[in-house]
Amino acid sequence: LNDKSQLILNPKGETINEVAVELKIGSRKEIKELQENDNDIDLLGTIVQAFDIKYYEICPRCGKRAKPTASLFECAEHGNVIPSYSYVLNAVLDDGTETIRCVFFRNQLERLLNLNQEQVLKFKQEPADFEAVKNNLLGTIVKLNGRANKNSMFNRLEFVVSGVDINPNPEEELKRLQG
């Protein structure tokens, strides 16, 4: 959705009889095969490096980035606000063919660390406490879903994560390799 979209909850005259939910599985690639703008890709690999969490201010009402002003923070939609915080973590994934920097925004970071928002925000006040968590990530095998994106500032491909599986099924992976 964008700013011109409209969402109507429970429109009159519309009924839904049955909802089918299909688990979407992206196409698997090796890191060396990734191309810019590849979407809905699955990667399986080992986390070999993790960086500190970066926190940034957001509007508590709409979740959009809040910009600092002289005295407060300002949301483009809601004006001056007392900000909430969101966060992002970067980690390097190695699948044996190459490595890639992966970007985990709020929900995916929480899934990766198996922590809730309150627990993650505690690291903002006590960054030293995150060192043990960061070290525990190293060597973790994960399956990630997301998209390849060109970081023009560093002229490199990065992987923006939209799904995290911290316990990939070894039997499924063996079948995939054998098939």
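In which segment is Leu9 found? In this predicted model, Leu9 is found in the segment before β1, the strand that spans residues 27-28. The residue is exposed, with a relative accessible area of 70%, and together with Leu1 and Leu7 it forms a nonpolar patch on the surface, for which the combined accessible area is about 450 Å².

Charged side chains were examined next. The structure holds eight salt bridges, among them a pair formed by Lys29 and Asp38, in which the closest N and O atoms are 2.7 Å apart. In this pair Lys29 is partly exposed, with a relative accessible area of 22%, whereas Asp38, at 14% relative accessibility, counts as buried. A salt bridge is also formed between Glu30 and Lys32, where the closest N and O atoms lie 4.0 Å apart; here Glu30 is partly exposed at a relative accessible area of 34%, while Lys32 is exposed, with a value of 51%. In addition, Arg28, Lys143 and Glu173 are linked in a network of salt bridges.

A further salt bridge brings together the side chains of Lys134 and Asp52, with an N to O distance of 2.8 Å. Because Lys134 lies in helix α3 (residues 130-137) and Asp52 in the loop between β2 (41-50) and β3 (54-58), the pair ties together parts that are 82 residues apart in sequence. The two partners fall into separate classes of accessibility, since Lys134 is buried, with a relative accessible area of 13%, and Asp52 counts as partly exposed at 39% relative accessibility.

The surroundings of Glu110, which is found in helix α1 (residues 106-113), present another arrangement. Side chains of opposite charge can pair when their charged atoms come close. Glu110, however, is buried yet has no salt bridge, and the nearest side chain of opposite charge, that of Arg106, is 5.3 Å away; as a salt bridge requires a side-chain nitrogen of Lys or Arg within 4 Å of a carboxyl oxygen of Asp or Glu, the distance of 5.3 Å to Arg106 does not qualify. A polar contact of 2.4 Å instead joins the side chain of Glu110 to that of Tyr87. When residues up to four places away in sequence are not counted, Glu110 touches Leu115, Asn116, Gln117 and Val120 as well as Tyr87, so that Tyr87 appears both among these contacts and as the partner in the polar contact.

Methods: Residues are numbered from 1 along each chain as its sequence is written. This is a predicted model: local features need pLDDT of at least 70, side-chain atom pairs count only at pLDDT 80 or more; totals for chains, interfaces and linings use all residues. Side-chain values use heavy atoms; hydrogens and water are left out. Helices (H or I, at least four residues) and strands (E, at least two) are DSSP runs, numbered from the N terminus. Buried means under 20% relative accessible area, exposed over 50%, partly exposed in between (1.4 Å probe, protein chains only). Lys and Arg count as positive and Asp and Glu as negative; His and the chain ends are not counted. A polar contact is a pair of N or O atoms within 3.5 Å; within protein, one must be able to donate a hydrogen and the other to accept it, and residues adjacent in sequence count only if both atoms are side-chain atoms. Contact means heavy atoms within 4.5 Å. Patches are made of residues with over 30% relative accessible area and no salt bridge: like charges are joined within 9 Å, nonpolar side chains (Val, Leu, Ile, Met, Phe, Trp, Tyr) within 5 Å. Accessible areas come from the Shrake-Rupley method with a 1.4 Å probe; for residues, only the protein chains shown count as cover.
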